[in-house]
Amino acid sequence: MMNRGFRDSTPFSYPTSLSTSCSSGVCMMSSTWRDEQHPCFLNFISCFLNGNSFRLNIVPIAPDFIFNCGGLSVAFMFLTNWDGIDTESFFRKVQKLKEQFANFYVVITLPTKEQNDSLIYSYIKYRMQLGRPTFVPVRDLEMGFEKIVKIAHARGACKRQDALTKIKAEEKSVQAMEIYLQVVTSIPGVDSHGANVLNQTIGSIEAIAKSSKEYLLETTDLSPTTAETITSFFRDPKFYLAPKIG
């Protein structure tokens with residue numbers, strides 16, 4: 001049944017997609033959910049997504065919304081009118097979608113205390129597990145959709161931050177390896193191949209410095225001359241004071 005609780009009266013034509021020059025992500029809306037909503041509320045959603053640089057697609061999906069932000073998918077059920085619903089079917093669907101989506105939220109408009117109390121009663125009756133999924137009660141439709149977008153955006157931002165942290169860690173690792181190669185190849189007779197062999201078999205520069213000639217020969221394919229040069233480099237001042245890192 002079409003929801004009549006939206007306060008705007010601006011006419012709306014159903015979009016199949018909404019393109020932006022710099023997209024924050026993609027919002028997929030259930031075609032079934034769309035057909036149950038008032039055109040004015042759909043117009044609000046379209047404008048809100050456009051203003052926040054989300055691309056909108058209308059598709060036949062089980063949740064009411066799926067947002068894809070920063071490589072993370074976040075699914076939502078958005079119940080716009082609690083009164084008169086089949087609570088058993090509703091909570092059965094919630095349980096099913098909870099198993100299908102790792103990131104899943106249920107947003108419900110509950111403008112009155114009676115509706116809120118009814119939700120709590122049903123939540124306990126159907127033995128929902130706290131936080132699985134997270135229920136988000138809101139006072140009105142606009143607030144509900146704004147909450148959905150904020151949650152999706154926040155989850156996507158966290159995902160992007162995790163990716164950036166990993167990239168920075170990898171960059172530091174590469175930089176550390178470059179310094180390592182610079183130091184080890186400054187030893188006379190040790191080329192890039194020898195430095196990589198030492199890194200894979202011996203490890204740190206400190207470990208190399210503590211290694212004996214015999215241990216180097218045992219664990220690497222370096223020549224006896226190179227192994228002797230390495231041990232002398234870290235023990236004899238005439239070696240370790242001579243090379244310069246270019």
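This is a short dialogue on reading a helix, a sheet and a loop residue in a predicted model.

Visitor: Let us begin with the sheet. What holds strands together in a sheet?

Guide: Strands of a sheet pair through backbone hydrogen bonds, and the pairing is either parallel or antiparallel. Here, six strands form an open sheet. Their order is β2-β1-β3-β4-β5-β6, and the pairing is mixed.

Visitor: Which are the edge strands?

Guide: They are β2 (54–59) and β6, each of which pairs on one side only. From one strand to the next, the twist averages 20°.

Visitor: In which sense do β1 and β3 pair, parallel or antiparallel?

Guide: Antiparallel. Strand β1 covers residues 25–30, strand β3 covers residues 65–69, and four bridges link them. To find the pairing by eye, look for M28: it stands opposite I66 in β3.

Visitor: Now the helix. What does α3 touch on the sheet?

Guide: α3 packs on β4, β5 and β6. Its direction makes about 155° with that of β5.

Visitor: How do I check the span of α3?

Guide: Count 1.5 Å a residue. Helix α3 has 14 residues, 87–100, so it should span 20 Å. Its end C-alpha atoms are 20 Å apart, which agrees.

Visitor: Which residues of α3 are buried?

Guide: First, the general idea. An α-helix has 3.6 residues a turn, so residues three or four places apart point the same way. Now the case in hand. T87, F90, F91, V94, L97 and K98 are the buried residues of α3. Viewed down the axis of α3, they fall within an arc of 125°, so they line one face of the helix.

Visitor: And what lies on the other side of α3?

Guide: K96 and E99, both exposed.

Visitor: What do the buried residues of α3 pack against?

Guide: Three strands and a helix: β4 (72–79), β5 (104–109), β6 (134–138) and α4 (113–125).

Visitor: What happens at the start of α3?

Guide: Look at D86. One of its side-chain oxygens comes to within 3.2 Å of the backbone nitrogen of E88.

Visitor: Where does N103 lie?

Guide: In the loop between α3 and β5.

Visitor: Is N103 buried or exposed?

Guide: Compare its relative accessibility with the cut-off for buried, which is under 20%. N103 has 12%, so it counts as buried.

Visitor: Which residues is N103 in contact with?

Guide: Set aside neighbours within four places in sequence. That leaves L72, S73, V74, A75 and R155. With R155, the contact is also polar: the two side chains meet at 2.5 Å.

Technical notes: Residues numbered from 1 in each chain as written. Predicted model: local features only at pLDDT ≥ 70, side-chain atom pairs only at ≥ 80, totals over all residues. Heavy atoms only, no water. Helix = DSSP H or I, 4+ residues; strand = E, 2+ residues; numbered from the N terminus. Expected span 1.5 Å × (residues − 1). Buried < 20%, exposed > 50% of the residue type's maximum accessible area, 1.4 Å probe, protein only. Arc of directions from axis to C-beta. Contact = heavy atoms within 4.5 Å. Polar contact = N/O pair within 3.5 Å; in protein donor to acceptor, adjacent residues only side chain to side chain. Pairing = 2+ DSSP bridges. Axes fitted to C-alpha atoms, helices over the stretch in contact; angles between N-to-C directions.
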